[in-house]
Amino acid sequence: MNKAKTLNCFNAYDVRGKLGKDFDEEIAYRIGRATAQSLKAKTMVVGFDARQTSANIAKAATRGILDFGTDVYGIGLAGTEEMYAAVSEFKADGGIEVTASHNPIEYNGMKFVKNNSRPLSKKEFAAIKSDAENFSFKDSKFLGKFLNREKQAREAYAEKIFSFIDPKNLKPLKIVINSGNGVAGLVIDTIHKNLLARGVETNFVYLHHQPDSSFPNGVPNPLLPENQSSTVNLIKREKADFGVAFDGDFDRCFLFDNLGNFIPAEYIVGLLTQLFLEKEKGATIVHDPRLIWNIEDIVNNYGGKAVISKTGHSFVKTAMRDNEAVYGGETSGHHYFREFAFCDSGMIPWLMVWELICTTKIELADLFLERKRLFPSSVEKNFIVSDTENCLQMIKDFYFDCALKIEEVDGLSLSFKTWRFNLRASNTEPLIRLNVETKGDALLLNRKIEELSNLIVDY
């Protein structure tokens, strides 16, 4: 008889664990079976990223799903958003992507959706965890069938993301594309092929393009400064119009302007907000609470409605559905779209930016100059803190008397007359994360970053 044991790989809304310690193929089998059981699924989609262990973990999860009697649409080596798209395309009852995204190479995990590519509820996720921990599996009278849908899923996905632009507007700009040896390169090849079929010329310059499970150029996390230099150097050497870099499962993209400058994601969120509000006046935009002033200023200027959501894809997707929002963005580089089943995509944003540069004839660096001047912001700073709850309370107490507004939607957000900060514990890592912004005062920004950093470190 199997003995119940707490599974430490379950986070707030996904599974992430150290291989051989918190997560392995046997656990993946149990989670796959428990997911099919919890969702009462007749069909599920399964995909996996380029990590060395991902294919076998996906096979184990697939066995669990099949043993419950659920059919599996296998989409093979694919990005997380391809799994989202396939669930909607094939009208499946749920989907699993095996990925650890940007986590270190010794980690792996899973991301989940249910029918219509919706996030799991807390109750559903808790039921999966409980059933997987306790081996609470119902016997099935028959096995499910495995159906290979790799080609069909990718082609349908490519058509979907093209619906966000008019390919006729695209000119052959020189674009550096860093796939980070993850899955993105395969999709870029499909995009390239389909654009050529439409008569659209391209001028892509590839970097770390082929999937490689050993990640010879480092685990793809473009937010890390040490991972940005290769993209920056190639943009400068090639005199490219802009660059884009992806994380391992490419549900996030990060942009670099024509001068090689990394563009913080909140300014991309602001730009996409503007584009959607120009098309749909009065629409709702959802964003996270980390850096908000630039985004909310654009929403106000273009007559939209802003809704703040707790950080994390499950929370943002729920807020978007509840408010029928046209677009949602996070400063972590996740971008969500109503017409993409309210899911996040790393491919749609850079295609929209490519089109915008072509139609406006404005270089990418110039698109953000004024926004950066009006609302300077910090790069997110991370601190290892043993007791995050008490640290947040200490910071709150320190600034309480002079704060104009205190919000605790997600972590701690304090606003003052000319500056603001958000401090929150990570959902997936043992870290506390700091973001600071000001109204047009770069010197004040630097002073407050130093002040808060010293308080946290001293704590």
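**Figure 1. Lys 448, a buried lysine in helix α14****.** With a relative accessibility of 16%, Lys 448 falls under the 20% cut-off and therefore counts as buried. Like every view in this set, this close-up comes from a predicted model. Lys 448 belongs to helix α14, which covers residues 442–458. Once residues up to four places away in sequence are set aside, Lys 448 touches Trp 419 and Val 436.

**Figure 2. Met 83 and its contacts in helix α3****.** Here we turn to a methionine placed in helix α3. Is Met 83 buried or exposed? Its relative accessibility is 0%, so Met 83 counts as buried. Beyond its neighbours within four places in sequence, Met 83 is in contact with Val 45, Ile 75, Gly 95, Ile 96, Glu 97, Lys 111 and Val 113. If you would like a distance to check in your viewer, try Pro 222: it lies 139 residues from Met 83 along the chain, and the two C-alpha atoms are separated by 22 Å.

**Figure 3. Helices α1 and α2 packed at an angle****.** Two packed helices are described by the angle between their axes and the distance between the axes. For α1 (residues 25–39) and α2 (residues 54–67), the angle is about 40 degrees and the axes are 7 Å apart. That angle makes α1 oblique to α2, and their crossing is right-handed. On the α1 side, the contact is formed by Glu 25, Ala 28, Tyr 29, Gly 32, Arg 33 and Ala 36. From α2 come Asn 56, Ile 57, Ala 60, Ala 61, Arg 63, Gly 64, Ile 65 and Asp 67. Sorted by type, the residues of this contact comprise seven nonpolar, three polar and four charged. As a reminder while you look along either helix, an α-helix has 3.6 residues a turn, so residues three or four places apart point the same way.

**Figure 4. Helix α6 and the elements around its buried residues****.** Helix α6 spans residues 184–197, and its 14 residues should cover 20 Å at 1.5 Å a residue. The end C-alpha atoms of α6 are 20 Å apart, which agrees with that expectation. Which residues of α6 are buried? They are Ala 184, Gly 185, Val 187, Ile 188, Thr 190, Ile 191, Asn 194 and Leu 195. These buried residues pack against helices α3 (80–89), α5 (150–162) and α11 (348–360), together with strands β7 (174–178), β8 (203–207) and β9 (242–246). Following α6 is Gly 199, with a positive phi near 80 degrees.

Key. Residues are numbered from 1 along each chain as its sequence is written. This is a predicted model: local features need pLDDT of at least 70, side-chain atom pairs count only at pLDDT 80 or more; totals for chains, interfaces and linings use all residues. Side-chain values use heavy atoms; hydrogens and water are left out. Axes are lines fitted to C-alpha atoms, for helices over the stretch in contact, and angles run from 0 to 180 degrees between N-to-C directions. Helices (H or I, at least four residues) and strands (E, at least two) are DSSP runs, numbered from the N terminus. Angles under 35 degrees count as roughly parallel, over 145 as roughly antiparallel, 65 to 115 as roughly perpendicular and the rest as oblique. A crossing is left-handed if the near helix is turned anticlockwise from the far one by less than a right angle, and right-handed if clockwise. Contact means heavy atoms within 4.5 Å. Ala, Val, Leu, Ile, Met, Phe, Trp, Tyr, Cys and Pro count as nonpolar, Asp, Glu, Lys and Arg as charged, and the others, Gly among them, as polar. The expected span of a helix is 1.5 Å times one less than its number of residues. Buried means under 20% relative accessible area, exposed over 50%, partly exposed in between (1.4 Å probe, protein chains only).
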